[in-house]
Protein chains: 2
Amino acid sequence: MNILIVHAHPEPQSFTTAMKDKAVEKLTGQGHEVKVSDLYEMNWNPIASADDFADRKNKDYLVYALEQRHGYENETIAADIQAEVEKVLWADLVIFSFPIYWFSVPAILKGWFDRVFISGKIYGGLRFYDKGGMAGKKALVACTLGGQEHMFGEGAIHGPFEDMLRPLLRGTLRYAGFDVLPPFVGWHVPYISQEDREQFLVDYDAYLDKLEDLDPMTYPTMDQFDKTLRPMPK
Amino acid sequence: MNILIVHAHPEPQSFTTAMKDKAVEKLTGQGHEVKVSDLYEMNWNPIASADDFADRKNKDYLVYALEQRHGYENETIAADIQAEVEKVLWADLVIFSFPIYWFSVPAILKGWFDRVFISGKIYGGLRFYDKGGMAGKKALVACTLGGQEHMFGEGAIHGPFEDMLRPLLRGTLRYAGFDVLPPFVGWHVPYISQEDREQFLVDYDAYLDKLEDLDPMTYPTMDQFDKTLRPMPK
């Protein structure tokens, strides 16, 4: 497989970084081709703005998604975006490696989605969910957080983890067409022992071994809806 | 009331900006004090990093939340963060004004939460949800999106809108202690007629009139959980 790892952590010695390094070593060792976009190291610009377009379809009024289409089609979109889009198109699997900030991705990674998941190519019109532009590719969220595992689930204080990550797992990755693998989570990472952290690395190693056998998460499919995107009569 | 509007849109002429301007005019006219943080105009830096701390508790290893505590207590946190924290502490109501990007906030606003909602002051330890540092204050999400209203709700293609915005409404605003008012949403804004957009402004005006009477959304309360944050026996 061609594998892209998009990594976002402000501390280069972090455990999340160790997980990223583990994935690079492991997957390369298995014969996969691996590329890494280390957003902090790249000094990635997360801010979607008019500056992303050297040429504008409408110079007087910015509709970001429409300029994304125009910029990509005419190769006038910012070079940093173009490079990331090419990596995503190249990849069979994209791994997102980050610490949870506010039950979501750090802003630097949010802005990677805002700028790189361009309308027209990655998704657009009726091309989303199972019909999204990235259909056939896989995505894996491999994250860490301060919270403990018992704080998530039905009846737990924060509810199911997948519900808290819904805009990412379903609203972004599945929306774009990816088969979304069940997330790998390093719980309570800042507060546990070194031994427990090392156990997470062992678990992650084992998880990566079974990547190709994992069933993706289940979401609605477009054939359940009509052309106005209303549910089909049953 | 003291009202802070945090606004994030890359197009100054946007409809979302018109909504923000409407809110400023309306609420000022009613005698409220209103401050605006226009993140694009301020050239807000959304990237949480070691640069946010002039003095470090641990210079060798960055745990962002711990340095937030240290930096705020010792007044060594970055000046742009400090200024925003003071605005939030001043406000009785915070309105978030933005276009939905990937069922979430634009990165520039995500990074406002990452950097401004500091551990220790805004939340921390067991101080979250109804015990959060912002308890007694209100928050309102006033957003626009490309999607249509019938795409959201039980059985709809994207499910309930509040579920898609869960990390923001519950995981961020309620987590920090705010009473979260039901969001005001401008549906399908880029694709509707000028008349329909003007109707949204009329509706928003009416919505702002009843702000003080709106019931906040209902979420779990800390008394339903024990000190380990496990559910109390019923």
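1. In this predicted model, His7(A) stands opposite Ser97(A), a residue of strand 3 of chain A. The strand that pairs here with strand 3 of chain A is strand 1 (residues 2–7) of chain A; the two run parallel and are joined by 5 bridges.

2. Strand 3 of chain A also pairs with strand 4 (residues 138–144) of chain A, again in parallel, through 7 bridges. Within this pairing, Ile95(A) has Leu140(A) as its bridge partner. Between these strands the chain passes through helix 5 of chain A, and the resulting β-α-β crossover is right-handed.

3. Is strand 3 of chain A mostly covered or mostly open? Mostly covered: of the 7 residues in strand 3 (residues 93–99) of chain A, 7 are buried. Leu93(A), Ile95(A), Ser97(A) and Pro99(A) point to one side, while Val94(A), Phe96(A) and Phe98(A) point to the other, and all are buried.

4. A turn of 180 degrees with a shift of 0.0 Å along the axis lays chain A on chain B, at an RMSD of 0.0 Å. This is the relation of a two-fold axis. The C-alpha of Ala107(A) is the one in chain A nearest the axis, at 2.5 Å.

5. Chain A and chain B each give 39 residues to the contact. Helix 5 (107–116), helix 6 (161–164) and helix 7 (166–174) of chain A are the elements that supply two or more residues to the side touching chain B. Helix 5 of chain A gives the most, with 6 residues. By class, that side of chain A has 25 nonpolar, 8 polar and 6 charged residues.

6. The copies meet through the same surface, because 100% of the interface residues of chain A are also interface residues in chain B.

How values were computed. Residues are numbered from 1 along each chain as its sequence is written. Chains are lettered from A and ligands numbered from 1 in the order in which they are written. This is a predicted model: local features need pLDDT of at least 70, side-chain atom pairs count only at pLDDT 80 or more; totals for chains, interfaces and linings use all residues. Copies are superposed by least squares on the C-alpha atoms of residues with pLDDT of at least 70 in both. Two residues are in contact if their C-beta atoms, placed from the backbone, lie within 7 Å. Helices (H or I, at least four residues) and strands (E, at least two) are DSSP runs, numbered from the N terminus. Ala, Val, Leu, Ile, Met, Phe, Trp, Tyr, Cys and Pro count as nonpolar, Asp, Glu, Lys and Arg as charged, and the others, Gly among them, as polar. A residue is buried if 20 or more other C-beta atoms lie within 10 Å of its own, exposed if 12 or fewer, and partly exposed in between; C-beta atoms are placed from the backbone. Two strands pair if DSSP finds at least two bridges between them. A crossover is right-handed if, with the strands pointing away from the viewer, the path from the first strand over the helix to the second runs clockwise.
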